[in-house]
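Notebook open, coffee poured. I want to go through the sheet, then the helices, then the ligand site.

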Amino acid sequence: MTTESNQHPPIRSFVLRDGRMTSAQKDALESSWPIHGIDFSKEPLDLHKIFARHAPRILEIGTGMGDATGQMAENHKENDYLAIEVHRPGIGSLMRQIEEKKLSNIRLISHDVVEILKYQLPENSIDCVYIFFPDPWPKKKHHKRRLINSSLLSLIKPVLKKHGRVFIATDWEDYAEQIIEVLGHQADIINLAGNNKYSPRPRWRPMTKFEKRGLNKGHQVFDFALAFKN
Ligand SMILES: C[S@@+](CC[C@H](N)C(=O)[O-])C[C@H]1O[C@@H](n2cnc3c(N)ncnc32)[C@H](O)[C@@H]1O
């Protein structure tokens, strides 16, 4: 019999590092968390109430230092952005941008996205999901930690609205190939570029440090645009 106590702990796609926060990030986190932060809980959120309007709603998973999020939210004030990140300095950095740019269309949750998708996001509540440059976990023995797999896609499906889209970018060729393989096993997903193909780079996707670093190493960047069959 399997009980809570003898179950294996879940394989997580991140390791919490004790990253240092600058004092500006710490200050921004303290002053802005009550306004822009959402604590994790197992109760579904009322996102209309949280954003105080009905607008296209984007879930960005793994926002890192929030560079893409800050730019997109500034360039697209018509959209609302729900940023998910576990790395505290990253949350602090995005809070700083929110304050500096006076953005009102970003909210943040600092928790494992797997649990957020399972418990906290209501069905049919998100228009688009962005996952840009997920941790590559390059060693073969760590591939099982990669965030994008069929169980993550199965958790995304119910929270996406009809006609919702998932956009992914990675500069790790073997991760891109692994995603193609996962898509091949998911009968309910449509790769909008066509089977086994990559999408063109979306013009609205800002360049981040991770993308620049990949390009400097000579990596190619692979984009995906996906939809679910309803
Ligand atoms: C390589 S960074 C990319 C950051 C950003 N998207 C960019 O392009 O600059 C990936 C981020 O995903 C976050 N992450 C990984 N697994 C996560 C999870 N299960 N839930 C929330 N965040 C996660 C990590 O903490 C890390 O900051």
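**Sheet.** I started with strand order, keeping in mind that this is a predicted model. I found an open sheet of 8 strands with mixed pairing, in the order E1-E4-E3-E2-E5-E6-E8-E7. Strand E1 (37-38) and strand E7 (189-191) are at the edges with a single partner strand each, so one side of each has no neighbour in the sheet.

Reminder to self: strands of a sheet pair through backbone hydrogen bonds, either parallel or antiparallel.

**Edge at E1.** I looked up how E1 is attached. It runs parallel to strand E4 (residues 106-109), and 2 bridges join the pair. For the register I noted that Ile38 is opposite Ile109 in E4.

**Edge at E7.** At this end I went through two pairings. E7 runs antiparallel to E8, with 3 bridges joining them. Here Ile189 has Phe228 of E8 as its bridge partner. On to E6 with E8: this pairing is antiparallel as well, over 5 bridges. Ala169 has Asp223 in E8 as its bridge partner.

**Helices over the sheet.** Next I asked which strands H3 lies across. My list reads strand E2 (57-61), strand E3 (80-84), E4 and strand E5 (126-132), and H3 runs at about 170° to E3. Then I did the equivalent lookup for helix H6 (residues 150-159), which lies across E5, strand E6 (160-170), E7 and strand E8 (222-228). Its direction is at about 145° to E6.

**Helix pairs.** For each pair I wanted two numbers, since two packed helices are described by the angle between their axes and the distance between the axes.

H3 with H4: helix H3 (residues 67-75) packs on helix H4 (residues 88-101) at about 25°, axes 9 Å apart. That angle makes H3 roughly parallel to H4. I logged the crossing of H3 with H4 as right-handed. Thr69, Gly70 and Glu74 make the contact from H3, and Leu94, Gln97 and Lys101 make it from H4. By class I get 1 nonpolar, 3 polar and 2 charged residues for this contact.

H1 with H4: helix H1 (residues 23-36) and H4 have their axes 8 Å apart and pack at about 75°. That makes H1 roughly perpendicular to H4. On the H1 side I wrote down Ala24, Gln25, Lys26, Ala28, Leu29, Ser32 and His36. They meet Pro89, Ile91, Gly92, Ser93, Met95, Arg96, Ile98 and Glu99 in H4. The class tally for H1 with H4 is 7 nonpolar, 5 polar and 3 charged residues.

H5 with H6: these axes come within 9 Å and cross at roughly 40°. I have H5 passing H6 in a left-handed crossing. Val114, Leu117 and Lys118 of H5 make the contact with Leu152, Leu155, Ile156 and Val159 of H6. The split is 6 nonpolar, no polar and 1 charged, for the contact of H5 with H6.

**Ligand.** Last stop. Which residues come nearest the ligand? Out of the 23 residues around it, I noted Gly62, Gly64, Val113, Phe133 and Thr208. I also checked which helices feed the shell: H3, helix H5 (113-120) and helix H8 (209-216) each supply at least two residues. Class counts for the shell come to 11 nonpolar, 7 polar and 5 charged residues.

**Cross-reference.** I flagged H3 and H5, because both turn up in two of my lookups. H3 contributes to the ligand shell and lies across E2, E3, E4 and E5. H5 contributes to the shell and packs with H6.

Terms used. Residues numbered from 1 in each chain as written. Predicted model: local features only at pLDDT ≥ 70, side-chain atom pairs only at ≥ 80, totals over all residues. Axes fitted to C-alpha atoms, helices over the stretch in contact; angles between N-to-C directions. Helix = DSSP H or I, 4+ residues; strand = E, 2+ residues; numbered from the N terminus. Parallel < 35°, antiparallel > 145°, perpendicular 65-115°, else oblique. Left-handed = near helix turned anticlockwise from the far one by under 90°. Contact = placed C-beta atoms within 7 Å. Nonpolar A, V, L, I, M, F, W, Y, C, P; charged D, E, K, R; others polar. Near = placed C-beta within 6 Å. Pairing = 2+ DSSP bridges.
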